[in-house]
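Please look at the protein shown below, first as a whole and then in its parts. The paragraphs after it are meant to be read with the structure in view.

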Amino acid sequence: MANIVAITSCPTGIAHTFMAAEGLEQGAAKAGHVIKVETQGSVGAQNQLSALEIEQAEVVIIAADTSVDKSRFAGKKLYETNTKAAINDGVAVVATALEQAKVYQAAAAAAGEANYADQVKDAKAQQSAARTGPYKHLMTGVSFMIPFVVAGGLMIAIGFALGCMY
């Protein structure tokens, strides 16, 4: 019997977050393990994991389609997957996590994430530099026209509302 903690999260933070949590809970129960799942949804984190629970856990499972702060799991065995896997087969995710989880090193991961962030920033800079000439001018014009389009739509709506009254 293993002691497991988990985090589930999806971009909207509504359905998939809680369905993944339920899948993990059912999968752990079927395998005879104890699990506590923190859900990070649109209403914030619920059922938050305490430092003691994390310390006592043998493995940490993160079933998320978004970025999750892993700094509090430094030195713990960590397994990451997506919410779809946890929803479809919680038993397999729990079994795989117990077999394949690797010890999470916060310092090395932070350096890797920083390098990735720099690469993304460089790619975006190159992409925006490549967008010059007519394309850039067209997009700038579209951005400046949005308030006028919205205002015009509101004026038409008000005109129809007042036109019906007379």
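The text that follows moves from the overall fold to a pair of helices, then to the salt bridges, and last to two single residues.

The structure is a predicted model. The protein has 166 residues, and buried residues make up 28% of them. Its secondary structure consists of six helices and six strands. Read from the N terminus, these elements follow one another in the order β-α-β-β-α-β-β-α-α-β-α-α. How far apart in sequence are the residues that meet? If one takes the contacts between residues at least 6 apart in sequence, 61% of them join residues at least 24 apart.

A good place to begin a closer inspection is the meeting of two helices. Helix 1 covers residues 15-31 and helix 4 covers residues 90-100; their axes come within 7 Å and cross at roughly 70°. Helix 1 is therefore roughly perpendicular to helix 4, because angles of 65 to 115 degrees are counted in that class. The crossing of these two helices is right-handed.

Which residues form this contact? Helix 1 contributes Gly23, Leu24, Gly27, Ala28 and Lys30, while helix 4 contributes Gly90, Val91, Val93 and Val94. By character, the residues of the contact comprise five nonpolar, three polar and one charged.

Val91, in helix 4, allows this contact to be examined at the level of one residue. With residues up to four places away in sequence left out of the count, Val91 touches Gly27 and Lys30. The C-alpha atom of Val91 is also separated by 7.5 Å from that of Gln26, although these two residues are 65 residues apart along the chain. Is Val91 buried, exposed or partly exposed? Its relative accessible area is 35%, so Val91 is partly exposed.

The next topic is the pairing of charged side chains. Side chains of opposite charge can pair when their charged atoms come close. The structure holds three salt bridges, and each may be considered in turn.

In one of them, Glu53 pairs with Lys36, and the closest N and O atoms are 2.9 Å apart. Glu53 belongs to helix 2 (residues 51-56) and Lys36 to strand 2 (residues 34-41), so that the pair links distant parts of the chain, 17 residues apart. Both partners are partly exposed: the relative accessible area is 24% for Glu53 and 22% for Lys36.

Another salt bridge joins Arg72 and Glu38, with 2.8 Å between the closest N and O atoms. This pair, too, links distant parts of the chain: Arg72 lies in the loop between strand 4 (59-64) and strand 5 (77-81), Glu38 lies in strand 2, and the two are 34 residues apart. What is the relative accessible area of each partner? For Arg72 the value is 34%, and this residue is partly exposed. For Glu38 the value is 2%, and this residue is buried.

The remaining salt bridge is formed by the side chains of Lys70 and Glu80, at 3.4 Å from N to O. Lys70 is in the loop between strand 4 and strand 5, whereas Glu80 is in strand 5, so the pair ties together parts that are ten residues apart in sequence. Lys70 counts as buried because its relative accessibility is 13%, and buried means under 20%. Glu80, by contrast, is partly exposed, with a relative accessible area of 45%.

Two single residues complete the account. Thr81 has its place in strand 5. Its relative accessible area is 18%, and Thr81 is therefore buried. Which residues does Thr81 contact, apart from its neighbours within four places in sequence? They are Ile62, Ala63, Ala64 and Val93. Val93 has appeared already, as one of the helix 4 residues that take part in the contact with helix 1.

Asn47 is placed in the loop between strand 3 (44-46) and helix 2. Most residues other than glycine have a negative phi. In Asn47, however, phi is near 60°, a positive value in a residue that is not glycine. Asn47 is also partly exposed, its relative accessible area being 44%.

Notes:
Residues numbered from 1 in each chain as written. Predicted model: local features only at pLDDT ≥ 70, side-chain atom pairs only at ≥ 80, totals over all residues. Heavy atoms only, no water. Axes fitted to C-alpha atoms, helices over the stretch in contact; angles between N-to-C directions. Parallel < 35°, antiparallel > 145°, perpendicular 65-115°, else oblique. Left-handed = near helix turned anticlockwise from the far one by under 90°. Contact = heavy atoms within 4.5 Å. Nonpolar A, V, L, I, M, F, W, Y, C, P; charged D, E, K, R; others polar. Salt bridge = Lys/Arg side-chain N within 4 Å of Asp/Glu carboxyl O. Buried < 20%, exposed > 50% of the residue type's maximum accessible area, 1.4 Å probe, protein only.
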